[in-house]
Amino acid sequence: MADKKTMKKIETPEEVQTKVHLLRQNIITKAQEIVYIVMPSKIIELSDLYQNTQTFQMELENLHKTADDHLSLENISKKRKTNERGDSVDFSTIPSNKVVVEMLSILKKHILDLIENINCIKIWIQLNIPKIEDGNNFGVSIQEEAVGELARAEETAHTVIENMSKYYIARAKLVSRAIKYPAIDDYRLSVSELDEKQFINLKLAMVDTRNNYAILHDMILKNIEKIHT
């Protein structure tokens, strides 16, 4: 075993240290901008978006209108007869629910912004965690709790994104069955029920996204001295 006294000390090159320090400073600057500017703006923006956007305030009966028209027994039967004659049939004329697609597009952007903002703040707090020492680590426990809350909000956001693709897959299967079995009302009704469920979930997700910003912003400001420690 080599003598510790004779072991060569390995040091990080000065150029690398400078770049790492610059990266750290950029993270700190961006995180503070998110906390003091972006998060309050997002709270207001999402509240206005939910309350004043027609899509998020639409009545359920209007939600189903387009989808029900395309999945009507008469329309599906015409397509099936055309197919039986051997002609080429384009089933792409049965579109997604336009209202739900618009809501998904709006919400997805804000969810991705939330994930990015949370990730930056988490790194900032973790970089502020001091050297682990014996004694009073109360400040460190607050920092770790803050990181935990941020991680939980981030996990919720990822779940929303994941459920978006699941909705499209589930709807495609139901629409395919509605086309294959046009006389079975339950398949067509199940498409409407799925759209309604997604519509409600997206409205709740928009509110939850706004609330997550509000809760996280409040938590950080209340503990800003300990987070900066």
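Select K109 in this predicted model: the residue is partly exposed, with a relative accessible area of 48%. Its side chain meets that of D113 in a salt bridge (3.3 Å, N to O). Both residues belong to helix α5, four residues apart, about one turn of the helix.

Keep D113 selected and add K42. The side chains of D113 and K42 also form a salt bridge, at 3.0 Å from N to O. This pair links distant parts of the chain, with D113 in helix α5 and K42 in helix α1, 71 residues apart. D113 is partly exposed at 21% relative accessible area, whereas K42 is buried at 8%. K42, K109 and D113 are thus linked in a network of salt bridges.

From K42, extend the selection to helix α1, residues 14-52. The helix reaches 54 Å from its first C-alpha to its last, close to the 57 Å expected. Centre the view on I34, where α1 has a kink of about 45°. I34 is one of the buried residues of α1, as are M39 and K42. The cover over these buried residues includes α5 (98-128) and α7 (185-222).

Next, display the largest nonpolar core, which has 48 residues. M39, W124 and I125 are among those with the most contacts inside it. Helix α5 supplies the largest share of this core, 13 residues. Select I125 to find contacts with Q143, A146, V147, L150 and I227.

Finally, select R171 and D195, which form a salt bridge with the closest N and O atoms 2.8 Å apart. The bridge joins helix α6 to helix α7 across 24 residues of sequence. R171 counts as buried at 6% relative accessibility, and D195 counts as buried at 0%.

Methods
Residues numbered from 1 in each chain as written. Predicted model: local features only at pLDDT ≥ 70, side-chain atom pairs only at ≥ 80, totals over all residues. Heavy atoms only, no water. Helix = DSSP H or I, 4+ residues; strand = E, 2+ residues; numbered from the N terminus. Expected span 1.5 Å × (residues − 1). Bend = angle between axes of the 7 residues up to and from the residue. Buried < 20%, exposed > 50% of the residue type's maximum accessible area, 1.4 Å probe, protein only. Contact = heavy atoms within 4.5 Å. Core = buried A, V, L, I, M, F, W, Y, C linked by side-chain atoms within 4.5 Å. Salt bridge = Lys/Arg side-chain N within 4 Å of Asp/Glu carboxyl O. Lists of a residue's contacts leave out its neighbours within four places in sequence.
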